[in-house]
Amino acid sequence: MVRSALKSCLNGLAVDMCRCLHIIRMQTIERLGPLPYHRPTDLASALRLAALPDRKVIAGGTDVFPAAAQGQRFETMLDVTAVAEFSKIEISDSEIRIGAAVRWMDLIRADLPAAFDGLKQAARQIGSVQIQNSATLAGNLCNASPAADGVPPLLTLGASVEVASAAGGMRQIRIEDFIQGVRKTALQPDEIMTAIVMPVPPAGAGASFEKLGSRSYLVISIAMVSAVIATDAAGVITYARIAVGACSAVAQRLSGLEQACIGEKPGSVDVTADHLVELAPIDDVRGSAIYRHEAVAELCKRAIIGAAG
Ligand SMILES: Cc1cc2nc3c(=O)[nH]c(=O)nc-3n(C[C@H](O)[C@H](O)[C@H](O)COP(=O)(O)OP(=O)(O)OC[C@H]3O[C@@H](n4cnc5c(N)ncnc54)[C@H](O)[C@@H]3O)c2cc1C
């Protein structure tokens, strides 16, 4: 009874927040005045328009419009969501390719290997269903927030991003090199992201995503952990990738913990302070650095056990 009342209350909150986002969008459009708005349907046109000065790329707009409402200015909007190949998820023998306009809901519904379950769990916890229906994984990466829920799962999947410009052609950048700091990426002013590319994960690997927030819905992460784990027939870990977000300017893989996992059973992995040296959590309104450190150790244990199934 209490649970269902809470659920309907949170659903109402989600609808209200999305109405808020719609209002922000309308107010922003009013404030910015009439702006050229381009929505190309092919890559060549998108790249030509990306070379325009002071243009803003927009996908779902769930980061762009709130930022514009707070005063961010631009001259031209370049909506990339109609470029046909950007909406595809392609699986080949060697890689999995997620187009730059693929939304969180598309990921939730996609038939992907079990190693992508962490990314799917993150997708289900992004904002609300309304946000998942419009926001994209590419937008989450390009926005480069330390609390971006998409980054730790992609680190554990060994992802690279594909970016392109009319002048420079295409290049691939490892996710570790793409996100360079708070709201800072390796994108050049005339480049756009075209896809996110992952190698096919090891056979039998599973994954999980643990998000800590002040509630379980519509919340910015205090800390989050993603893990991809494979075990042998005896249940011993043979492969481990673990990454943490919201505990440093840029999400980090925990290489010491990954090594410590090998040869252990998932429930026996002890997460020590030495395993968390890559992290530099801060005190902020959502939690203290000490709290984040302690919480993340527990989240790592849960993520390892969850990923091992
Ligand atoms: C109510 C609400 C709840 C939210 N909850 C969460 C949450 O739980 N977890 C979380 O991580 N985030 C959350 N967000 C933030 C946001 O929804 C995500 O970061 C989302 O994935 C952004 O995607 P988008 O398509 O809307 O990006 P947009 O707003 O369209 O773009 C974001 C940035 O990426 C750039 N960009 C987009 N696509 C490209 C491209 N192809 N090439 C180059 N640049 C590009 C834009 O120029 C902009 O700088 C929330 C936002 C709202 C409003």
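These legends walk through several close-up views of a predicted model.

**View 1. The whole protein, before we zoom in.**
Start by getting your bearings: the protein has 11 helices and 14 strands. Of its 309 residues, 42% are buried. If you take the contacts with a separation of 6 or more, 66% of them are between residues 24 or more positions apart. Keep that in mind when you trace the chain in the views below.

**View 2. The shell around the ligand.**
How many residues surround the ligand? There are 29, and the closest are Gly60, Gly127, Gly139, Asn140 and Cys142. Several elements each supply at least two residues of this shell: α1 (2–32), β2 (55–58), α3 (64–69), α7 (137–143) and β10 (192–199). Which of the elements gives the most? That is α7, with five residues. As for chemistry, the shell divides into 18 nonpolar residues, eight polar ones and three charged ones.

**View 3. Helix α2 and what covers it.**
Now look at helix α2, which spans residues 43–50. Its residues Ala46, Leu47, Leu49 and Ala50 are buried. Why do these four sit on the same side of α2? Because they cover an arc of only 165 degrees around the axis. There's a handy rule behind this kind of pattern: an α-helix has 3.6 residues a turn, so residues three or four places apart point the same way. The cover over the buried residues of α2 includes the strands β1 (37–38), β2, β3 (76–79), β6 (160–165) and β10.

**View 4. Val80 in the nonpolar core.**
The largest nonpolar core has 85 residues. Which residues have the most contacts inside that core? They are Val80 and Ile229. Here we follow Val80: leaving out residues up to four places away in sequence, Val80 touches Ala46, Val57, Ala59, Phe86, Ala100, Ala101 and Ile192. You have already met Ala46, one of the buried residues of α2.

**View 5. Strand β6 and its two partners.**
Strand β6 pairs with β7 (residues 169–174) in the antiparallel sense, over six bridges. A hairpin of three residues takes the chain from β6 to β7. β6 also pairs with β10, again antiparallel, this time over five bridges. To see both pairings at once, find Val161. Its opposite number in β7 is Ile173, while its bridge partner in β10 is Ile196. When you look at side chains here, remember that in a regular strand they alternate between the two faces of the sheet.

**View 6. The open sheet of four strands.**
Follow the order β11-β12-β13-β14 and you have an open sheet with antiparallel pairing. Which strands are at the edges? They are β11 (206–212) and β14 (252–253), each of which pairs on one side only. Inside the sheet, eight bridges join the antiparallel strands β12 (residues 223–231) and β13 (residues 237–245). Two pairs to pick out are Ile229 opposite Ala240 and Ala230 opposite Tyr239. Ile229 is one of the two residues with the most contacts inside the largest nonpolar core. Is β13 mostly covered or mostly open? It is mostly covered, with seven of its nine residues buried.

**View 7. Two hairpins on either end of β13.**
The hairpin of β12 and β13 has five residues between the strands, and Gly235 takes a positive phi near 85 degrees there. The hairpin of β13 and β14 has six residues between the strands, and in that one Ala246 takes a positive phi near 65 degrees. β13 and β14 run antiparallel and are joined by two bridges. One bridge pair to look for is Val244 with Gln252 in β14.

**View 8. A closer look at Ala246.**
Where is Ala246? You'll find it in the loop between β13 and β14. Even so, is Ala246 buried or exposed? Ala246 counts as buried because it has 29 C-beta neighbours inside 10 Å, and the cut-off for that is 20 or more. Setting aside neighbours within four places in sequence, Ala246 is in contact with Pro146, Ala147, Ser221, Ile222, Ala223 and Met224. Try finding Leu279 too: Ala246 and Leu279 are 33 residues apart in sequence, and their C-alpha atoms are 9.2 Å apart in space.

Methods:
Residues numbered from 1 in each chain as written. Predicted model: local features only at pLDDT ≥ 70, side-chain atom pairs only at ≥ 80, totals over all residues. Near = placed C-beta within 6 Å. Nonpolar A, V, L, I, M, F, W, Y, C, P; charged D, E, K, R; others polar. Buried ≥ 20, exposed ≤ 12 C-beta atoms within 10 Å, placed from the backbone. Arc of directions from axis to C-beta. Contact = placed C-beta atoms within 7 Å. Core = buried A, V, L, I, M, F, W, Y, C linked by C-beta atoms within 7 Å. Pairing = 2+ DSSP bridges.
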